[in-house]
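Me: I would be grateful for a close look at one part of the following model, set in the context of the chain as a whole.

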Amino acid sequence: TETPGRLEQCQYIMRYKFTLGKGRVLMQEDISPDPILDTTDFNALRRDIQYLLNTGSQEEVRLFVEGLLKPSRTEKGRDYVRNTCYFVIMCIQIMANEQNVTLAEIFGEDNMVWLKLSQFETIFDTKNWLKNLMTFAGDYLREKALNQESTVVRRVKEYIKERLNEDLKLETIAKDI
């Protein structure tokens with residue numbers, strides 16, 4: 001009964017193992033035995049993060065972080081909070097990579113994100129930082145996507161303008177651009 005869920009979690013974790021470091025092999029001790037993490041649907045969590053980065057408002061991000069780091073979970077300790085934040089950052093990094101963007105491009109220096117996370121002393125500071133991090137990353141990625149779309153639209157308009165007298169077909173435009 002638990003096997004399909006465990007298999008899905010393992011496949012998910014293995015899919016992103018390289019995000020943990022250059023060629024680092026994911027070891028059993030890297031995976032927290034925390035019972036809350038054992039019942040976490042990482043795929044649903046990733047989809048929520050993806051939604052928030054693509055279209056989420058500041059209020060939605062705030063509610064998400066508050067739910068993710070609610071007292072019943074954070075009482076499990078600093079490791080749970082840190083591991084949860086690592087997971088969120090990994091999701092941001094994966095989404096950024098899908099758009100050919102690095103954490104360094106978004107935040108200035110990619111190691112700073114990981115370093116900053118290890119310096120928090122209170123859950124309040126961690127929550128605020130995570131909310132700001134997600135909001136900033138979402139704003140940046142949405143702006144980047146908008147700029148890419150406008151570049152394509154501009155190129156299509158220029159192409160059509162240059163060939164107004166030709167019999168243009170969508171397939172031709174798509175192939176040439």
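Which residues are buried in helix α4 (residues 58-68)?

Reply: In this predicted model, the buried residues of helix α4, which spans residues 58-68, are Val61, Phe64, Val65 and Leu68. Viewed down the axis of α4, the buried residues lie within an arc of 95 degrees, so they line one face of the helix.

One of these residues, Phe64, also has a place in the largest nonpolar core. That core has 32 residues, and the members that touch the most others are Ile49, Phe64, Leu69, Ile92, Trp129, Leu130 and Met134. At least two residues of the core come from each of α3 (42-55), α4, α6 (78-98), α7 (103-107), α8 (110-117) and α9. Helix α6 provides the largest share, with 10 residues.

The surroundings of Ile49 show how Phe64 is placed. With residues up to four places away in sequence left out, Ile49 touches Phe64, Phe87, Val88, Cys91, Met95 and Met134. Among these partners, Cys91 counts as buried because its relative accessibility is 2%, under the 20% cut-off. Cys85 has a relative accessibility of 0% and therefore also counts as buried. The structure holds 0 disulfides, a disulfide being a covalent bond between the sulfur atoms of two cysteines.

Cys85 leads in turn to helix α9. Thr126 is located in α9, which covers residues 123-162. Beyond its neighbours within four places in sequence, Thr126 is in contact with Val81, Cys85, Leu117 and Phe120. Thr126 counts as buried because its relative accessibility is 6%.

The wider chain gives the setting for α4. The chain contains 10 helices and 0 strands, and its pattern along the sequence is α-α-α-α-α-α-α-α-α-α. Of the 177 residues in the chain, 33% are buried. Where contacts join residues at least 6 apart in sequence, 67% of them link residues at least 24 apart. The contact of Ile49 with Met134 belongs to the list given above for Ile49. The chain exposes about 11500 Å², of which carbon and sulfur atoms supply 53%.

To return to the part in question, α4 has Val61, Phe64, Val65 and Leu68 as its buried residues. Phe64 is among the core members that touch the most others, and Ile49 is one residue in contact with Phe64.

Conventions. Residues numbered from 1 in each chain as written. Predicted model: local features only at pLDDT ≥ 70, side-chain atom pairs only at ≥ 80, totals over all residues. Heavy atoms only, no water. Helix = DSSP H or I, 4+ residues; strand = E, 2+ residues; numbered from the N terminus. Buried < 20%, exposed > 50% of the residue type's maximum accessible area, 1.4 Å probe, protein only. Contact = heavy atoms within 4.5 Å. Disulfide = S-S within 2.5 Å. Arc of directions from axis to C-beta. Core = buried A, V, L, I, M, F, W, Y, C linked by side-chain atoms within 4.5 Å. Areas by Shrake-Rupley, 256 points an atom, 1.4 Å probe, with all protein chains shown as cover.
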